[in-house]
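Here is a walk through a structure, from the inside of one chain out to the contact with its partner. Keep the model open while reading.

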Amino acid sequence: MHLTDRLEIMNVEKFSFKYRELDIKKESLIKLMGYSKESLPQMIDEEIDEVMEKGEEVCNIEGGYRITNNISWDKNNFNILLENVVLNIRRVIFQQIKKSDNVAIFVCTAGKGITDRSREFMKEGDLLKGYVYDLFGSIVVESAMDIIQDSLQKGMAILGLKISNRYSPGYCGWDVAEQRKLFSLLPEQFCGIELTDSCLMQPTKSVSGIIGIGENVKYNNYTCNICDSSNCLYKNLKYR
Amino acid sequence: MSDLLEKLMNCVELGKINKVSSFPPSLKGQDGADELCKMALEEGIKPQVILNEALIPGMSKIGEKFSQGRAFVPEMLISAKAMTAAMKHLKPFFTSGEIKRKGTFVIGTVFGDLHDIGKNIVAMTIEGSGWEVIDLGVDVKPEKFVETIEKYPDCVVGLSALLTTTMANMEVIVKEIKNKYPDKLILVGGAPLSQEFCNKIGASFYSPDPQGAVEFLKKVAA
């Protein structure tokens, strides 16, 4: 991990990663597909190996966050006011971070290369490889974000502060459309990520969201029970 | 059913593409969908029979396993590859009109949305059930759907969206299509959707998985 930028005034930190620094476990990809190591067909096993070998070539991983302490809370409407931006984070997320004194607004991307490669294979009719690349991209960006979150946690621990889990628009009832407001709190084109009119992040394999910071904030090892999504790709994944 | 057609059906279901493919290990070294389809034609089995009695049932079996949670997406995709290997031998018969499709299915990811994995899987499954599939790709505007329906007036339409922000665009597309073609059948699918949303926007059918769409289309074609 390489800290590429630190803008003290805005409390912004930006990182870039080499793929090999992520230490991605093949098991994560296997689980995401629905298999166990034992039940994985050999052909798919080989496809995963082939895709993972290309990791360095197709990834362009960047991420970062901005911390703000300009916060106020509207508990009646489950709104958080960050500077002059109102985010309706809904009840579930509101309950998890309402004791925060600071909030980190984060983004992370695996880069455009993975999605391009996935689409190329799909276009050529190799749906399986295209699919494996797509899932690989999801694992890469989440793994990179894990490292950034870990770095944030360590940095805050030095100051005697704790951090919450990370929460993203599109999950736990938080409307994806709120992503535009979230991005307005970050430097323009932060980490090379942009939003389409429909709030889709470009590159596609990107994540964004908020993390609560404070003395009385809690990190939960298990959070799928608080979310009512029934079709989330990651539902209970870490606990399978 | 002849022994050959049964073998061909198994190859599609299990994803045995051709003789050299090592998957599944239980069929290693044996002929795959590619060779068996060619053989079936050489034996004089009618192309329509090959399609209806081997290829479609093979895809249907893997589709059922998938909706029951007994198979995962990669196995569906391998089966599709086996089906494609067999279909290349049948292509001339589609062109000549000797094989009749069940109908035409026009599919696309709605405008504003660029996700295509789910849409591709549905397209592939429906094609494997005997329909001609016209895939309009991603970020498809209402006018493109309407224009395509003009070309294929008897088609059934499928709309896909992955985001809550873009599923709202389905309503716009359904409205535009229904303005011109009030009776047009429109299927909708995608992670954030529900039956309730389908009813609200006036679409004809919602399925949480590809096999549900296939079952619906079976009734349409009957």
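Two strands count as paired if DSSP finds at least two bridges between them. Keep that in mind for what follows. The model is predicted.

Start in chain B, at residue B:Val157. In strand S4(B), its bridge partner is B:Ile186. B:Val157 also has a partner in strand S1(B), since B:Val106 bridges to B:Val157 in S3(B). Now widen the view to the strands. S1(B) covers residues 104–109, and 5 bridges join it to S3(B). S1(B) and S3(B) run parallel. S4(B) covers residues 186–189 and is joined to S3(B) by 4 bridges. S3(B) and S4(B) run parallel too.

How many residues of S3(B) are buried? The strand spans residues 156–160, and 5 of its 5 residues are buried. A residue is called buried if 20 or more other C-beta atoms lie within 10 Å of its own. Both faces of S3(B) are covered. One side carries B:Val156, B:Gly158 and B:Ser160. The other carries B:Val157 and B:Leu159.

Next, follow the chain out of S3(B). Helix H7(B), residues 164–180, links up with S3(B) and S4(B) in a right-handed β-α-β unit. The helix has many buried positions to inspect. Near its start, B:Thr164, B:Thr165, B:Thr166 and B:Met167 are buried. So are B:Asn169, B:Met170, B:Ile173, B:Val174 and B:Ile177. In an α-helix, residues three or four places apart point the same way, because there are 3.6 residues a turn. What covers the buried residues of H7(B)? The cover includes helix H6 (142–151), S3, S4 and helix H8 (195–201) of chain B.

Turn to another part of chain B. Helix H1(B), residues 3–14, packs against helix H3(B), residues 47–67. The angle is about 30 degrees, and the axes are 7 Å apart. The crossing is right-handed. H1(B) brings B:Leu5, B:Leu8, B:Met9, B:Val12 and B:Glu13 to the contact. Among the residues they meet in H3(B) are B:Ile50, B:Ala54, B:Leu55, B:Met59 and B:Ile62. By class, this contact has 10 nonpolar, 1 polar and 3 charged residues.

Last comes the contact between the chains. Chain A gives 24 residues, and chain B gives 24 residues. On the side of chain A, helix H2 (42–53) and helix H6 (127–158) are the elements that give two or more residues. H6(A) gives the most, with 4 residues. The residues on that side divide into 13 nonpolar, 8 polar and 3 charged.

Technical notes. Residues numbered from 1 in each chain as written. Chains lettered and ligands numbered in written order. Predicted model: local features only at pLDDT ≥ 70, side-chain atom pairs only at ≥ 80, totals over all residues. Buried ≥ 20, exposed ≤ 12 C-beta atoms within 10 Å, placed from the backbone. Right-handed = clockwise from strand over helix to strand, strands pointing away. Axes fitted to C-alpha atoms, helices over the stretch in contact; angles between N-to-C directions. Left-handed = near helix turned anticlockwise from the far one by under 90°. Contact = placed C-beta atoms within 7 Å. Nonpolar A, V, L, I, M, F, W, Y, C, P; charged D, E, K, R; others polar.
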